[in-house]
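User: I've got a protein model open and I'd like to practise reading it. Can we go through how each label is earned?

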Amino acid sequence: MRPARSFASDNNAGIHPKILKAVAHANTGHAVGYGDDPYTQAAVARFKQHFGADAEVFIVFNGTAANCLSLKALTQSYQAVICTEAAHIYVDECGAPEKFTGCKLIPIPAPNGKLTVEAVSHAYHGIGDQHHVQPKVLSITQSTEMGTVYQPSEIRDLANFAHKRDMFLHMDGARIANAAVSLGLNLRKATRGLGVDALSFGGTKNGAMGAEAVVFFDKKLARDFLYLRKQGMQLASKMRFISTQLDALLSGDLWKKNAQHANRMAALLKKELGEIPQVKIVYPVEANGVFARIPRRAIARLQKRYFFYVWNEEQSVVRWMCSFDTTAEDVRQFARFVAETVGK
Ligand SMILES: Cc1ncc(COP(=O)(O)O)c(C=O)c1O
């Protein structure tokens, strides 16, 4: 029998009950559409508590849009965005960032999923040459697509590199909560405090039903964003139901509790898998994902009971994600099943 919870993705999880309750609570009477409602005002105020009173916040439906629209606000079409070759914006958004910005994305090989100043310096060339795209943004994902977490000094170095060259640092924070708790930092210190200029803030993977936001730390960058969001088809008419999710997530440390739990479950999964000689963990487990090389023949057998994604087919590496609602029993049951299956 298929278990109720799998390890395929943190967006396969349901909605945290407190968030669902907030949505139900917002479902009273009428409220003005397009964000001019008390729920959106409350959510924006909550973001400002976390990120600073001068942060500019725009609520959107999904993470791809948060990335595309924030990058659009930072660039002109003759400019370029430097990211890793594993970046969601590069491999998992169907070319939407290129379509919306008109910019070239410059992918950099990045073992462990992280951009480094060294690697970025090699891609930074052709400046002032009319034949070349002009690098304008470094985009990093925190936590990374490989479940690793940039250390504060690594982000600060990238921000310094960017700012010295009149560039911006964008953070795809689909899993910023997991990264912040992993580093023991609050949301502001994990982003703005390290020199990030624009953040795609993720709620969906951390217990929301479907809610993300773009946060700018310099008002000038947000100047045209209302128009970009509408033109980008991301202005929700019944915005209150998205806003209230983010308000709930950012209240009473729910964001932190959910992310801490998901990270703890990933650490437990890593420990349980460590007992299985045929399973090799391939990246440091620093947030809520575990990446493992397993015998190729075991993949289909495992997937019969637990749906999950193969990360690298050639290398037989799979990705297992934990969520706010993963239980220790789920992890142990899964690890037992892996042990049985790879041993066959
Ligand atoms: C690193 C990263 N960025 C952004 C996203 C946002 O994706 P979506 O447009 O599905 O909300 C995801 C979701 O898988 C992700 O893993």
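Analyst: Sure. Keep in mind that this is a predicted model. Let's begin with M233, which sits in the loop between α9 (225–231) and α10.

User: What makes M233 exposed or buried?

Analyst: Its relative accessible area is 59%. The label "exposed" needs over 50%, so M233 counts as exposed. M233 also has a phi near 65 degrees, a positive value in a residue other than glycine.

User: Why is a positive phi worth pointing out?

Analyst: Because most residues other than glycine have a negative phi. Y34 is another case here: its phi is about 65 degrees, and it is not a glycine either. You'll find Y34 in the loop between α1 (17–26) and α2 (38–51).

User: How do you know whether Y34 is buried, exposed or partly exposed?

Analyst: Y34 has a relative accessible area of 48%. Buried would need under 20% and exposed over 50%, so Y34 lands in between and is called partly exposed.

User: Which residues does the cis peptide bond join?

Analyst: Q142 and S143, with omega at about -10 degrees. S143 belongs to the loop between β4 (134–141) and α7 (152–164). As a general point, most peptide bonds are trans.

User: Now L250. Why is it called buried?

Analyst: Its relative accessibility is 3%. The cut-off is under 20%, so L250 counts as buried. L250 is in the loop between α10 (240–249) and α11 (254–273).

User: What does L250 touch, leaving out residues up to four places away in sequence?

Analyst: R46, F47, H50, L187, F201 and W255. One of those partners, W255, is itself among the buried residues of α11. Others buried in that helix include L254, N258, A259 and A262.

User: How do you know the span of α11 agrees with what a helix should have?

Analyst: You set one value against the other. At 1.5 Å a residue, its 20 residues should span 28 Å, and the end C-alpha atoms are 29 Å apart, so the two agree.

User: On to cysteines. How many disulfides are there, and why isn't C68 in one?

Analyst: Searching the whole structure gives 0 disulfides. For C68, the closest cysteine sulfur is in C94, 10 Å away. A disulfide needs the sulfur atoms within 2.5 Å, so that gap is too far for a bond. C83 isn't in a disulfide either: its nearest cysteine sulfur, that of C103, is 11 Å away.

User: What makes C68 and C83 buried?

Analyst: C68 has 3% relative accessibility, and C83 has 0%. Buried means under 20%, so C68 gets that label, and so does C83.

User: Last one: what makes D172 a polar contact of the ligand?

Analyst: A polar side-chain atom of D172 lies 2.6 Å from a nitrogen atom of the ligand. The limit is an N or O pair within 3.5 Å, so D172 qualifies. R175 passes too, with a polar side-chain atom 3.2 Å from a ligand oxygen. For K205, a side-chain N or O atom is 2.7 Å from an oxygen atom of the ligand. The ligand taken alone exposes 390 Å², and the protein buries 80% of that. Among the residues surrounding the ligand are also N62, G63, T64 and H88.

Key:
Residues numbered from 1 in each chain as written. Predicted model: local features only at pLDDT ≥ 70, side-chain atom pairs only at ≥ 80, totals over all residues. Heavy atoms only, no water. Helix = DSSP H or I, 4+ residues; strand = E, 2+ residues; numbered from the N terminus. Buried < 20%, exposed > 50% of the residue type's maximum accessible area, 1.4 Å probe, protein only. Contact = heavy atoms within 4.5 Å. Expected span 1.5 Å × (residues − 1). Near = heavy atom within 4 Å. Polar contact = N/O pair within 3.5 Å; in protein donor to acceptor, adjacent residues only side chain to side chain. Areas by Shrake-Rupley, 256 points an atom, 1.4 Å probe, with all protein chains shown as cover.
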